[in-house]
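The following questions and answers examine a single protein chain and its metal site. Please consult the sequence and coordinates while reading.

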Amino acid sequence: MKEARPAIHVRKGKVLRCPVCRRPRDSEYRPFCSARCRDVDLSRWLDGSYSVPVIESEDDGQGEG
Ligand SMILES: [Zn+2]
């Protein structure tokens with residue numbers, strides 16, 4: 001059986017989002033979605049209380065048996 005290949009390649013990956021509000025970012029204000037979020041992030045840096053989100057990796061140590 002013949003299968004038609006898609007003309008376009010669907011990119012599988014993470015969508016770059018605004019680090020402030022997690023909305024799809026705008027190329028105009030990258031890496032943010034708007035000038036507002038850009039200022040918010042900047043103020044955080046200036047304030048010195050910028051916290052990097054920690055990604056917790058769940059260890060699936062499920063024993064068998
Ligand atoms: Zn934003």
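Q: Among contacts in the chain between residues at least 6 apart in sequence, what percentage join residues at least 24 apart?
A: The model is a predicted one. The contacts considered are those in the chain between residues at least 6 apart in sequence. Of these, the share that joins residues at least 24 apart is 3%.

Q: How many helices and strands does the secondary structure of the chain comprise, and what percentage of its residues count as buried?
A: The secondary structure comes to one helix and zero strands. The chain has 65 residues, and the portion that counts as buried is 8%.

Q: Which residues are the protein donors of the zinc ion?
A: Each donor atom is an SG atom, lying 2.3 to 2.4 Å from the zinc ion. In sequence, the donor residues follow the spacing C-x2-C-x11-C-x3-C. The residues are C18, C21, C33 and C37.

Q: Which arrangement do the four donor atoms around the zinc ion form, and why?
A: Four donors count as tetrahedral if all angles lie between 85 and 135 degrees. The angles subtended by the four donor atoms around the zinc ion are 99 to 118 degrees, so the arrangement is tetrahedral.

Q: How many residues apart are C18 and C33, which link distant parts of the chain?
A: Both C18 and C33 lie in the segment before helix 1, which spans 35–47. Along the chain, the separation of this pair is 15 residues.

Q: Is C18 buried or exposed, and what is its relative accessible area?
A: Buried means under 20% relative accessible area. C18 falls under that cut-off and is therefore buried, its relative accessible area being 0%. C33 also counts as buried, because its relative accessibility is 17%.

Q: Does C21 count as buried, partly exposed or exposed, and why?
A: C21 lies in the segment before helix 1. Partly exposed covers values between the 20% and 50% cut-offs. The relative accessibility of C21 is 30%, so this residue counts as partly exposed.

Q: With which residues is C21 in contact, leaving aside its neighbours within four places in sequence?
A: The C-alpha atoms of C21 and S34, 13 residues apart along the chain, are 9.9 Å from each other. Once neighbours within four places in sequence are set aside, the residues in contact with C21 are C33 and C37.

Q: How many disulfides does the structure hold?
A: A disulfide requires a pair of cysteine sulfur atoms within 2.5 Å. The number of disulfides in the structure is zero.

Key
Residues are numbered from 1 along each chain as its sequence is written. This is a predicted model: local features need pLDDT of at least 70, side-chain atom pairs count only at pLDDT 80 or more; totals for chains, interfaces and linings use all residues. Side-chain values use heavy atoms; hydrogens and water are left out. Donors are N, O and S atoms within 2.8 Å of the metal (3.2 Å for Na, K and Ca); water is not among the atoms, so sites may look incomplete. Four donors count as tetrahedral if all angles lie between 85 and 135 degrees; four count as square planar and six as octahedral if opposite donors are over 155 degrees apart and all others between 65 and 115; anything else is irregular. Helices (H or I, at least four residues) and strands (E, at least two) are DSSP runs, numbered from the N terminus. Buried means under 20% relative accessible area, exposed over 50%, partly exposed in between (1.4 Å probe, protein chains only). Contact means heavy atoms within 4.5 Å.
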